[in-house]
Amino acid sequence: MDHFQYKDGAMHAEDVALSQIAEEVGTPVYVYSTATLRRHYRVFKEAFADIQPLICFAVKANSNQAVLATLAREGAGADVVSLGELMRALKAGIPGERIVFSGVGKTDEEMEAALHAGIKQFSVESEAELEALNVVAGQLGKVAPVSIRVNPDVDAMTHAKISTGKSENKFGIAWQKADSVYARIKELQHVKAVAVNLHIGSQLTRLEPFKEAFTRVVALVKDLRAKGHDITHIDLGGGLGIPYDPEAEAPPAPSAYGEMIQDVMGNIDCDIILEPGRLIAGNAGVLLSKTIYEKRGENRIFYIIDAAMNDLTRPAMYDAYHAIAPVVEPSSAETAVADFVGPVCESSDVFAKDRKTTPLKSGDLVVIKSAGAYGAVMASTYNSRPLVPEVLVDGDRFAVIRKRQSLEDLLALDTLPSWLSDDEV
Ligand code: LLP
């Protein structure tokens, strides 16, 4: 359930009319609902009432510090993949002991910062990274808590570009090799094995791949413990899908996911870490946009809107489906079939093809739904379009939580070399 609903014929985010946000902040703009963020976090947490996992929100899904601070107040930890994300999480009030660091290419600088922050775990993805971490921790006189990200070689049955758990993917260390890597950890002075982790992909709509992978990990943990490794927790990653298309297949409910995990874990007596991103933030946000033109092609209608693939890249990148709805509630049953496209000069700048919609005219506002995860964070300035703002709603109030980038700021990022500047001429 989300809090973007029609009230008195106008779409609201909680108790704020989206038309008011468009008027005051302009479009395109991302709008997030505090109540939905909280609700999703709580529903997820309740699905695991018996095992009380540490829920580390995957910051890559939505890294706005106001979103992170909202979740931090619910008790969330963070899964970060860069120094920037680590800094955002810390600034938003998430303490180091609730932060895990994932990613295939951590640099010395990132490792140092994370060691200083006293993070809970480094999810190590290669033998080279393990050796580097040992050196960096040694220089600081510390011992780094390590988890090896194992690649369970399981097909997540999701889009190829967001699958991570097959042996051909760049992620993790083959699970058959885990044994020797944990043995190596024992030989090193400045790293200590505390966990095993995995993440097999994103937007999974079935439980079976998770179950297959988690079962492998449980067996591995038992084996490692038998060999004297003090594994205190298992990090199962993120990946549970959300309903983007209400008419398509529904992903499993968090409660079913929770039951499956409790079942697979049995009485292993390990703390559990989970790293949901999309499930918490995806349906907590929309991209609010305005129709610029209606264009009648040979045999199709195009609605050209002011948002584009640089603002929300998922449809162009993954052929992702996003529901689109008018901000003014349709008052008649009249429909049109149209393509929703952006102004960017690329054929892939299409949000929806052949979409049944209420007819729109220039100036009409629409929302692109389920845009709270992997939306603003993946935006670029392609076509010299400034980054769009983000707004957080809470009840009947709202605040701009990232301002619109100005054209001056965008242009000021470039500098002319001396030989091209007028001063030298
Ligand atoms: N943990 C790790 C190690 C991850 O790599 C990811 C996502 C997550 C957790 C969170 O997964 P989630 O619960 O959000 O599925 N840009 C793509 C998604 C990329 C996901 C990358 N890793 C998209 O827009 O669909």
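How many bridges join strand 16 to strand 19, and in which sense do the two run? Keep that in mind while you load the view. This is a predicted model.

**Stop 1: strand 19 and its partners**

Select residues 324-326, which are strand 16. Add strand 19, residues 365-368. Three bridges join the pair, and the strands run antiparallel. Now label Pro326. Opposite Pro326, in strand 19, stands Val366.

Next, bring in strand 14, residues 285-296. Strand 14 also pairs with strand 19 in the antiparallel sense, over four bridges. Pick Leu288 here. The bridge partner of Leu288 is Val367 in strand 19. Strands of a sheet pair through backbone hydrogen bonds, either parallel or antiparallel.

Switch on the side chains of strand 19. Which residues point which way? Leu365 and Val367 point one way, while Val366 and Ile368 point the other way. All of these residues are buried.

**Stop 2: the ligand**

Select the ligand and the residues around it. There are 19 of them. Those that come nearest are Ser202, Glu275, Arg314, Tyr318 and Tyr374.

Now go through the polar contacts.

- Glu275: an N or O atom in its side chain is 2.6 Å from a nitrogen atom of the ligand.
- Arg278: a backbone N or O atom lies 2.8 Å from an oxygen atom of the ligand.
- Gly239: here too a backbone N or O atom is involved, 2.9 Å from an oxygen atom of the ligand.

Then show the ligand surface. How much of the ligand's accessible area does the protein cover? On its own, the ligand has 590 Å² of accessible area, and the protein covers 91% of that.

**Stop 3: the sheet of strands 1, 2 and 3**

Move to the start of the chain. Select strand 1 (4-7) and strand 3 (16-17), then add strand 2 (residues 10-13). Together they make an open sheet of three strands. The order is 1-2-3, and the pairing is antiparallel. Which strands are at the edges? Strand 1 and strand 3 are, since each pairs on one side only.

Zoom in on strands 2 and 3. Two bridges hold this antiparallel pairing. Click Ala13 and look across to strand 3: its bridge partner is Val16.

**Stop 4: a surface patch**

Finish with Leu416, Trp419 and Leu420. Show them as a surface. The three form a nonpolar patch on the surface of the model. Together they have about 410 Å² of accessible area. To place Leu420 in the chain, select helix 12 (407-412) and move on to the segment after this helix, where Leu420 lies.

Definitions and conventions: Residues numbered from 1 in each chain as written. Predicted model: local features only at pLDDT ≥ 70, side-chain atom pairs only at ≥ 80, totals over all residues. Heavy atoms only, no water. Patch = residues over 30% accessible without salt bridge, like charges linked within 9 Å, V, L, I, M, F, W, Y side chains within 5 Å. Areas by Shrake-Rupley, 256 points an atom, 1.4 Å probe, with all protein chains shown as cover. Salt bridge = Lys/Arg side-chain N within 4 Å of Asp/Glu carboxyl O. Buried < 20%, exposed > 50% of the residue type's maximum accessible area, 1.4 Å probe, protein only. Pairing = 2+ DSSP bridges. Near = heavy atom within 4 Å. Polar contact = N/O pair within 3.5 Å; in protein donor to acceptor, adjacent residues only side chain to side chain.
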